[in-house]
Amino acid sequence: MAADDEVELKMAKKSKHKMKRKRDTDEERKAKKKHKKEKKKLKKESMDDSDGESSVTVAKKAKKAAKKAKKEKARKQKELDEKIVSSSAIEFYPDDLKTLQLAKNQEEEKQKAEAAAAAAAAAEKKERLAANRVNNINNITLLLFYQYVEPCWDDDQFQVALKFVTDQGNKYGLTGRMRVAKEGLNCTLTGSHDGVRNWCAALRTFDGGRSKIDQVTGEKITEFAKTEFKLTDDLPPKQRFPKLHAFEVVEIVNYGLAGSRAPEIAKYGGTHLEPEDYNKKMCEKDTVIIDVRNHYEANIGRFNPPEGGAKMIDPMMRKSTEFPIWLDKPETKEMLRGKQVLMYCTGGVRCERASALLKQKIETEDDTKSLGIKGVYQLQGGIDKYFKEFPEGGLWKGKNYVFDKRFSHAPPKVEAVDRTKKVLGDDEVAKVEKLVDGIPACAADEILGACEGCSKPWDMYRGKRRCPTCGVPSLICRECFENDKAGIRKLGRDVRCDLCVAEDVRNKQQLREREEREMKEYEKNIKQKLGEKYEPYMQRKHAITRKPKPNPERITRLFLKNMCAKQMDEEKLLEFLHPAKVTHIQWLTDRNSGAFYGSAFIEVKTAEDAGSVLAVNGTTVLGRRITVKYQKPDEKSVWPVPGTEVSSS
């Protein structure tokens, strides 16, 4: 009986469990049915009365739009990636030479590290040196870039930009030179592979201190979104700059075209041609190519168009400020008549203002318009980018002069041939087909320049010697340098640059008088064209972007001393102190001879002008370091002194 009761109890429990499962299933089915009805009801209610679109349709469209936006973002990122043009300094070396070069770099770094470790006493100093060693081994990258900004930054925006590029440079361990002006940046920097690229990425996000939003896309507009950064990787550690210097300047290239003189690049700039298209243009007839660099740069390397193609023009300049004067000469205009004009320089920055100046003249000056110039073009990225596209040299001959620790270099394949010959011998070159492909057998040995001391072929600017007449770098061979140092054959003042020899310029005064005469005539023409907008030309070493010094007492009288007594005059002083408005100058003279001895009192229009003048204290002008200080007028004296008014006030 007990067993039957147990079986019956188990069956009752099983039946109860089945009933519960059935009840749960029925409830789930009812819940699903109810949910389905509610979803259908919501779908009906979500129909838009105006266009009849359901929420599902709207959701699909939103998803599609998001997908499109993502695709567009990827496209823009691809465009930005294409703006970075990089190459390797040892890309075309044979494997044996590449291994040898890298081993040499490592050995140099190892020796430096050992010397530093031995000298380091404190643990903190050792850690800092170790960090530097990590950054320096075999991955030095050189960065060249420039960017004009239009409209120019104001004073506050300029200070924001200066602080940003300096802080980011220090953050990522960069070294080199940055020319920072209200009109933009022009930089030559070195650092680690990642450090340089991170700095570039940071600069892409910088809005220039004046944030803007694109009305179409709603995205933030940045000043450097489309900047082209030119990188050279795998340079040896010795080519790294020692420090980071940010120079405050008026122009990122000193043409003397600041302020109202500056032609708008967005409005007048020349047509940019990529290296391949520029290469084709050089082969066309009725074309001229203007080398916008200085003559001493063109002296060791330049483009060599084929016969029947473009004609080369070297303006024979010692500095960029000579270009506007050269472009204004009648003989220059005749060379451009009926031609299409190509321009090139090292990295592209000098062509920006140069091409804009020519196009502005074509559109605004009748005599230039009548020349019938067929177009103005410039090489995008300059010679640097051309070498990356044509590593065997293309239509280039000789070396490219550069303003970094390479000093000069040939196209990368030619460099590889030359380096292989010097280190491994001629036989090794013949074994490596990729080195000699497309390169003439004598290309690595082709030298365009000549030593100024002995006239033998030479193309390396070394040492600190400069032409004693004009001051440009001297092209002197190693043997002449050693003979001069040993006293065997001294390099006297008669050893001048080839340009001074060609122009028969024998002393500084002769050159200075000619430059002043040409500048005076040019300034006269500019003043007539600009009228009230005319601003005096400011020399590069004086024309710093300066922030006025505090002037709590609102003093408008200043004392200046240690000026060049032989050369300083009213015109030069006003030019130097611009944009401060000077109203009176009292030149201080010797009581006996009456000769000016280098000091003066000046009166300026406002207290702010006085602060601006004080900011140039310690600046070198005409070879003298000037001292400036506030000087309250003596209550017993008459100030300003009658008859001391400046002629332009």
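## Salt bridges and a nonpolar patch

E228, E274 and K385 are joined to one another in a network of salt bridges. The model in which this network appears is a predicted one, and the structure as a whole holds 29 salt bridges. Side chains of opposite charge can pair when their charged atoms come close. Three further pairs are set out below, each with the distance between its nitrogen and oxygen atoms.

| Pair | N to O distance |
|---|---|
| E518 and K329 | 3.6 Å |
| D384 and K388 | 2.9 Å |
| K632 and E553 | 2.6 Å |

**A pair between a helix and a loop**

The side chains of E518 and K329 meet in a salt bridge, with 3.6 Å from N to O. Because E518 belongs to helix α20 (residues 508-530) while K329 sits in the loop between α10 (322-327) and α11 (330-336), this pair ties together parts that are 189 residues apart in sequence. As for the surroundings of the two partners, E518 has a relative accessibility of 27% and counts as partly exposed, and K329, with a relative accessibility of 27%, counts as partly exposed.

**A pair within one helix**

Where do D384 and K388 lie, and how many residues apart are they? Both belong to helix α14 (residues 382-389), where they are 4 residues apart, or about one turn of the helix. In their salt bridge, the closest N and O atoms are 2.9 Å apart. D384 has a relative accessibility of 4% and therefore counts as buried, while K388, at a relative accessible area of 19%, is buried, since the limit for that class is under 20%.

**A pair between distant parts of the chain**

The side chains of K632 and E553 also form a salt bridge, with 2.6 Å from N to O. This pair links distant parts of the chain, with K632 in the segment after β23 (627-630) and E553 in the loop between α20 and β18 (557-561), 79 residues apart. Is E553 buried or exposed? Its relative accessibility is 53%, so E553 counts as exposed, the cut-off for that class being over 50%.

**The nonpolar patch**

Apart from the charged pairs, there is a nonpolar surface patch of about 210 Å², which is made by L100, V423 and L424. Of these residues, L100 is placed in helix α3 (residues 95-119), and L100 is partly exposed, with a relative accessible area of 44%.

Notes. Residues numbered from 1 in each chain as written. Predicted model: local features only at pLDDT ≥ 70, side-chain atom pairs only at ≥ 80, totals over all residues. Heavy atoms only, no water. Salt bridge = Lys/Arg side-chain N within 4 Å of Asp/Glu carboxyl O. Helix = DSSP H or I, 4+ residues; strand = E, 2+ residues; numbered from the N terminus. Buried < 20%, exposed > 50% of the residue type's maximum accessible area, 1.4 Å probe, protein only. Patch = residues over 30% accessible without salt bridge, like charges linked within 9 Å, V, L, I, M, F, W, Y side chains within 5 Å. Areas by Shrake-Rupley, 256 points an atom, 1.4 Å probe, with all protein chains shown as cover.
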